Amino acid sequence: MTLGIAHRSGMIPDPESAADAQPVTDAPLIYFSSASGYTGRFVGKLDTAAGKIPLHTSEPTLLAQRPYVLLLPTYGGTAEQPGAAARGAVPKQVIKFLNNEHNRSLIRGVIGAGNTNFGDTYCLAADIVAVKCKVPVLYRFELMGTSEDVAKVNEGLEEFWTHQSQKPA
């Protein structure tokens with residue numbers, strides 16, 4: 001297993017590690033950003049360290065080392081019938097990450113990115129992950145977010161982790 005250094009923009013792998021070793025992070029925020037990079041650009045504006053889930057499912061998945069909040073986009077999933085849950089809304093890379101029992105045990109909250117043009121499926125991936133992992137959706141924002149979204153997420157994460165640290169073990 002390779003050790004990495006949490007960095008504001010993701011992981012910096014140990015240069016002596018094997019290319020296919022599993023990356024790790026002790027960042028309090030873990031995110032996935034598609035090739036468009038919208039989510040990554042939003043995360044880059046935040047005042048917190050963040051670990052990035054790899055873009056390709058063929059790459060080794062990230063391993064969380066501490067409790068974290070997951071930030072993810074919603075893919076344009078489609079529902080088989082009106083009112084049914086959309087299939088494909090949660091990126092496959094995030095599914096792979098959360099299928100790791102250790103990673104799933106450390107999730108504490110979810111932040112969703114989406115596009116209001118998708119109507120009822122706006123930030124649906126965050127809702128799906130929150131239900132399946134039994135954690136709250138902490139915030140939703142559109143596309144790359146606004147400066148107000150960045151400020152609210154920074155403040156919200158600080159308040160969230162302060163509250164989490166005060167919970168009895």
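**Entry 1: salt bridges**

I began with Lys152 and Glu148, whose side chains meet in a salt bridge with an N to O distance of 3.0 Å. The model I am reading is a predicted one. Both residues lie in helix H5, four residues apart, and are therefore separated by about one helical turn. I recalled the general rule that an α-helix has 3.6 residues a turn, so residues three or four places apart point the same way. I then looked up accessibility for the two partners. Lys152 has a relative accessible area of 41% and is partly exposed; Glu148, at 49%, also counts as partly exposed.

How many salt bridges does the structure hold? I noted two. Besides the pair in H5, I found the side chains of Arg140 and Asp127 meeting at 2.3 Å, N to O. This pair links distant parts of the chain, since Arg140 belongs to strand S11 and Asp127 to helix H4, with their positions 13 residues apart. Arg140 is partly exposed at 35% relative accessibility, and Asp127 is partly exposed at 25%.

**Entry 2: helix H4 and strand S11**

I next listed the buried residues of H4, which spans residues 124-133. They are Leu124, Ala125, Ala126, Val129, Ala130 and Cys133. Lys134 follows the helix and has a positive phi, near 60°.

Is Phe141, in strand S11, buried or exposed? I recorded Phe141 as buried, its relative accessibility being 1%. I also checked its C-alpha atom against that of Ile111: the two residues are 30 apart along the chain, and the atoms are separated by 8.2 Å.

**Entry 3: strand S7**

I turned to S7, residues 68-73, and asked how many of its six residues are buried. Six of the six are, so the strand is largely enclosed by the rest of the structure. In general, the side chains of a regular strand alternate between the two faces of the sheet. I therefore sorted the residues of S7 by face and found both faces covered. Tyr68, Leu70 and Leu72 are buried on one side, and Val69, Leu71 and Pro73 are buried on the other.

Which strands pair with S7? I noted strand S4 (residues 29-31), which runs parallel to S7 and is joined to it by three bridges. Strand S10 (residues 107-114) also pairs with S7 in the parallel sense, here over six bridges. Val69 appears in both pairings: it is the bridge partner of Leu29, and it stands opposite Gly109 in S10.

**Entry 4: nonpolar surface patch**

I looked for nonpolar side chains at the surface and noted a patch of about 230 Å². Tyr38, Leu143 and Met144 make up this patch. Met144 sits in the loop between strand S11 (137-142) and helix H5 (147-166). I recorded Met144 as partly exposed, with a relative accessible area of 31%.

**Entry 5: internal space**

I closed with a search for cavities. Rolling a probe the size of a water molecule over the atoms shows where empty space is left. I found one cavity of 30 Å³ or more in the structure; the largest has a volume of about 30 Å³.

Which residues line the largest cavity? I listed Ile53, Pro54, His56, Thr57, Glu59, Pro60, Thr61, Gln93 and Lys96.

Terms used: Residues numbered from 1 in each chain as written. Predicted model: local features only at pLDDT ≥ 70, side-chain atom pairs only at ≥ 80, totals over all residues. Heavy atoms only, no water. Buried < 20%, exposed > 50% of the residue type's maximum accessible area, 1.4 Å probe, protein only. Helix = DSSP H or I, 4+ residues; strand = E, 2+ residues; numbered from the N terminus. Pairing = 2+ DSSP bridges. Patch = residues over 30% accessible without salt bridge, like charges linked within 9 Å, V, L, I, M, F, W, Y side chains within 5 Å. Areas by Shrake-Rupley, 256 points an atom, 1.4 Å probe, with all protein chains shown as cover. Salt bridge = Lys/Arg side-chain N within 4 Å of Asp/Glu carboxyl O. 1 Å grid on protein atoms, 1.4 Å probe; cavity = no way out; pocket = protein on both sides within 12 Å on 5 of 7 lines; lining within 4 Å. Points joined across faces, edges and corners; volume = space filled by probe spheres on them.
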